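Notebook open, coffee ready. Today I'm looking up how the protein and its RNA strand meet, and then what the cysteines are up to.

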Amino acid sequence: MSDEVRVRFAPSPTGYLHVGGLRTALYNYLFARRSGGKFVLRIEDTDRSRYVPGAVEMIVESLRWAGLDYDEGPEAGGPHAPYFQSERLAHYREAADRLVASGRAYPCFCTAERLLAMRKDRQKDQQSTKYDRFCLRLSPQEVEARKAAGEPFVIRMRIPDERAVVVSDIVRGRVEFGTDVLDDQILLKSDGYPTYHLANVVDDHLMEITHVIRGEEWLSSTPKHVLLYRYFGWDPPRFAHLPLLLGADRSKLSKRQADVAVSDYRTQGYYPEALVNFVALLGWNPGYDRDFFALADLVSEFSLERVGKSGAIFDLEKLRWLNAEYLRRRSPSELLDELKPLLAEKGVAGFGDAHLLRIVELMRERITFVREILEKAGWFFADPTEYDAETVTKRWRPGSRDLLLRLLPVVEAESSFDAATLETAVKAFSDREGVKVSDLVHPLRLACTGMGAGPGLYALMETLGREACERRIRKAVETLK
RNA sequence: GUCCCCAUCGUCUAGUCUGGCCUAGGACACCACCCUUUCAAGGUGGCGACACGGGUUCGAAUCCCGUUGGGGACACCA
């Protein structure tokens with residue numbers, strides 16, 4: 001039991017799930033599943049001012065969409081419930097008291113204004129902006145008096161002097177920090193809520209977390225956490241700090257540079273398996289040549305040893321490619337099921353499954369998202385209302401109108417309106433009249449679709465049907481000079 | 001500014017720990033050609049990188065030092 005791997009993903013409910021968070025969650029999930037351990041979801045809601053209603057639901061929903069099921073956490077419950085830090089305040093309070101009692105922490109009455117002024121001063125003198133320990137010099141009597149007077153105070157951890165703290169990290173190896181650069185971090189805020197540092201350490205211990213897998217932005221506060229474990233007399237977990245996800249400008253991926261919410265990608269039509277596959281490969285690789293990984297494959301292949309050290313740019317281009325790949329792996333009937341609700345949404349009705357299936361088959365090689373069937377080939381569902389100007393210039397020749405007018409009765413005369421018959425008829429016509437096939441085909445496409453690009457002409461005409469094609473050809477001949 | 005991390009094609013990366021098999025491999029993107037009535041998809045080929053400088057060594061992308069560059073952290077936010 002005690003050697004069971006236990007990891008956690010610990011987001012704070014300040015909004016949506018960030019794609020960087022998704023990757024962190026994924027690696028935790030993979031590591032847990034790979035080692036037969038437990039994956040815990042813990043909500044770090046210790047900042048009341050940043051709490052966003054509905055955020056927890058959004059995060060849980062995104063995790064579920066991605067297929068990352070957790071063993072313990074909100075809704076799921078578990079032996080270490082509650083999994084909301086706001087409901088665990090007593091634990092932090094007690095931990096802070098222990099630290100104060102042992103001299104590892106102390107109350108501080110400094111106001112925000114004083115702190116600000118102090119930092120400004122120290123910065124001016126080119127000193128670090130650490131707390132100046134003003135309140136460490138307070139006498140016990142004075143502390144009691146001010147507490148009794150109801151003065152608000154925080155609890156700060158006391159960083160030891162002249163020592164080095166070594167963080168041993170699975171990804172980065174040994175990292176050493178001098179305690180002289182560490183700040184007397186606030187552990188308990190004046191509202192009685194803990195800061196991240198206290199709550200995180202206390203909960204990771206209480207929840208028996210064995211491996212802390214989180215973003216690199218936490219590396220520089222890890223020595224404080226290591227110190228806290230030592231103060232409490234607890235065994236620290238193993239740490240693994242993941243390389244950051246970067247924007248195009250190589251700074252930490254943020255809203256400024258791209259869509260960062262998992263839900264954004266979902267609404268844009270990305271598949272969860274594409275996003276998961278993509279994000280898995282940002283900072284990790286299997287060590288051999290392979291691009292496609294289902295979640296189950298990742299579980300069997302993942303290891304923290306193969307996680308890289310340098311940040312990775314979140315490159316939409318590759319994500320899009322992956323999505324198109326996954327789309328092509330879907331069967332036409334699966335794609336049909338995805339298309340139907342989109343059609344309903346747009347109020348497109350009156351098309352049978354067989355007909356829609358045909359459209360899907362013609363479009364699947366040409367799209368990255370199912371919704372693009374509507375965006376790039378809306379003419380399947382309604383007559384074109386305009387003709388692409390560039391294509392008109394390029395493909396609609398002086399003789400086109402005449403040619404189509406003469407071709408129309410030939411096509412109408414055919415007993416069957418299928419691609420093969422159509423092709424034969426058009427080619428025969430071109431031979432007989434001594435015109436190039438392309439002089440027929442391009443104007444025909446323009447007439448039927450209003451565009452210059454798309455599926456094969458004969459197949460598309462067959463799908464459109466005799467009436468629609470005739471109607472569209474007549475209209476084009478009328479409209480285009 | 002201080003501390004910490006990082007450094008292979010434009011991007012994701014293999015190779016680095018355990019120096020030689022690397023005239024550095026793959027994927028995305030890009031370019032060309034093939035296929036083709038168009039656009040895709042597919043096929044073939046191409047462009048394209050070990051940041052720089054010192055060392056160690058018979059030999060360095062790989063080890064060491066430095067420089068430069070980039071990033072992160074320095075809140076009663078996580």
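I started with one contact: a polar side-chain atom of Arg172 sits 2.6 Å from a sugar or linking oxygen of RNA strand B. I count a pair of N or O atoms within 3.5 Å as a polar contact.

Note to self on the ground rules: this is a predicted model, where local features need pLDDT of at least 70, side-chain atom pairs need 80 or more, and totals for chains, interfaces and linings use all residues. Residues are numbered from 1 along each chain, chains are lettered from A and ligands numbered from 1 as written, and side-chain values use heavy atoms, without hydrogens and water.

Next I checked the bases. A side-chain N or O atom of Arg366 is 2.4 Å from a base nitrogen of RNA strand B, and one of Arg445 is 2.9 Å from a base nitrogen.

Then I looked at the whole surface near the strand (a heavy atom within 4 Å). Of its 62 residues, Lys189, Asn285, Glu365, Arg366 and Val441 come nearest. I sorted the residues into 22 nonpolar, 16 polar and 24 charged. On the RNA side, 77% of the atoms of strand B within 4 Å of the protein belong to sugar or phosphate, the rest to bases.

Last, which disulfides turn up? I found 0 in the whole structure, taking a disulfide as two cysteine sulfurs within 2.5 Å. The sulfur of Cys135 has its closest cysteine sulfur in Cys110, but at 3.6 Å that is too far for a bond. Cys469 has its closest in Cys448, at 4.2 Å, also too far.

How values were computed: Polar contact = N/O pair within 3.5 Å; in protein donor to acceptor, adjacent residues only side chain to side chain. Nonpolar A, V, L, I, M, F, W, Y, C, P; charged D, E, K, R; others polar.
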